Amino acid sequence: MAFTLKIEFQGLIGYVPTNGGKSLLALFVEGRKGRQTSDGHHIPAHVPVIQFARRNVADPGTLRNHEQGKQKVLYFGQQDMGAVDDLAGLWFLDNQDIELRYEGQDREDQKLRIWDEETRASFGQPNGRGPASFFSQLPHLDTIISSASRVDPDCLLPQPREGLLAARFTIREGVIESLTPPEELDGKLLSTQFRPIGTDLGGTVFTQTSIGSGALVEVKVPGDSVTLVSRLFGDEASKSVLKLAPVAGQTTPIHVKVRNLPLYDIFGLPNFEHPNLTEDRHFEIFYELSLRRPPLHKRPIPHFELAEQNGGGHVHPGPIHLSTPWCPPAVFQS
């Protein structure tokens with residue numbers, strides 16, 4: 001039975017095309033001990049996880065084989081992963097490579113497509129996709145600061161150097177597009193200006209009108225299940241798997257959320273809402289993955305120009321309070 005798999009990536013995750021554009025590598029920036037920006041701002045610990053619905057686990061025992069039974073898996077009662085009576089599962093990642101495996105994935109119609117102008121021209125605009133979900137809406141470093149756009153080759157090695165990455169996820173199939181910003185920003189986000197922390201408008205190096213908040217991969221699986229395969233960095237023998245399949249009568253897609261976020265965002269705790277929004281200091285950390293890292297005080301980050309309609313004109317309402325994660329990622333070149 002064929003089905004649709006949707007994988008949503010969000011948080012401190014950079015992207016780099018590999019294999020001549022035939023695959024995309026998602027890089028989880030190491031942030032499990034917290035980080036600090038150039039102006040002393042504390043970035044809380046970011047935890048790499050894969051979140052899934054327990055009801056879609058085809059073989060509950062498979063995750064127990066990794067690291068002699070030490071694989072970290074937690075189930076909790078979050079209700080947005082599927083049926084309202086289901087539990088969500090969290091697979092905590094730790095220096096691991098993840099990829100998909102399923103029957104028929106080598107077929108021509110399964111190859112990776114990056115949703116953008118060229119892709120739309122080649123096979124139309126399926127499933128209501130539009131320009132707002134173009135992959136180009138994600139911040140591409142080659143247009144912001146080209147000298148820092150090349151990814152550090154260590155990010156691509158079987159064993160990256162310590163402290164660089166917390167995990168990696170290889171995407172070889174499906175359609176990948178941009179996640180749209182949180183609904184609180186709908187109609188209020190006029191533009192995003194990239195400039196270093198502490199600089200005014202005169203320090204802007206790039207401006208874009210639309211910006212994505214993550215990536216979404218949609219895979220049409222021709223078989224009856226899909227397996228997420230994990231191996232420790234540099235250790236092909238250390239294999240563990242998570243096999244997912246639709247339950248009887250399920251017609252909706254299987255949803256998987258791939259996160260590198262603080263735990264209060266992952267669990268959706270109501271008392272830990274996002275602070276007022278003016279800029280995204282997290283973005284400064286992405287430059288640690290660049291081959292040529294700019295000095296700390298010269299790393300452009302997103303600054304958000306916000307407005308509301310008032311009597312036909314724009315007024316600046318001040319910062320907006322967000323209740324969902326908002327961490328625009330960075331796209332590198334290999």
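Colleague: Before we look at the sheet, when do two strands count as paired?

Modeller: Happy to start there. Strands are taken from DSSP runs. Two of them pair if DSSP finds between them a number of bridges that is at least two.

Colleague: Thanks! In what order do the three strands of the open sheet stand?

Modeller: This is a predicted model, and its three strands form an open sheet with antiparallel pairing. β14 (206-208) and β20 (301-306) each have a single partner strand, so they stand at the edges and one side of each lacks a neighbour in the sheet. From one strand to the next the twist averages 25 degrees. The order is β14-β13-β20.

Colleague: Which residue of β14 stands opposite Gln193?

Modeller: Strand β13 covers residues 189-195 and runs antiparallel to β14, joined to β14 by three bridges. Opposite Gln193 you will find Thr207.

Colleague: Now the rings: how are Phe283 and Phe286 arranged, stacked, tilted or edge-to-face?

Modeller: The count of aromatic pairs comes to eight. For Phe283 and Phe286, the ring centres are 5.4 Å apart. Their planes meet at 65 degrees, and over 60 counts as edge-to-face, so this pair is edge-to-face.

Colleague: And at what angle do the planes of Phe283 and Tyr287 lie?

Modeller: Here the ring centres are 6.0 Å apart, and this pair is edge-to-face too, because the planes lie at 75 degrees.

Colleague: Is Tyr287 buried or exposed?

Modeller: Tyr287 belongs to one aromatic cluster with Phe194, Phe206, Phe283 and Phe286. Within that cluster, both Phe283 and Phe286 are buried. The relative accessible area of Tyr287 is 0%, and under 20% counts as buried, so Tyr287 is buried.

Terms used: Residues are numbered from 1 along each chain as its sequence is written. This is a predicted model: local features need pLDDT of at least 70, side-chain atom pairs count only at pLDDT 80 or more; totals for chains, interfaces and linings use all residues. Side-chain values use heavy atoms; hydrogens and water are left out. Helices (H or I, at least four residues) and strands (E, at least two) are DSSP runs, numbered from the N terminus. Axes are lines fitted to C-alpha atoms, for helices over the stretch in contact, and angles run from 0 to 180 degrees between N-to-C directions. Rings of Phe, Tyr and Trp (its six-membered ring) pair if their centres lie within 6.5 Å; planes under 30 degrees apart count as stacked, over 60 as edge-to-face and the rest as tilted. Buried means under 20% relative accessible area, exposed over 50%, partly exposed in between (1.4 Å probe, protein chains only).
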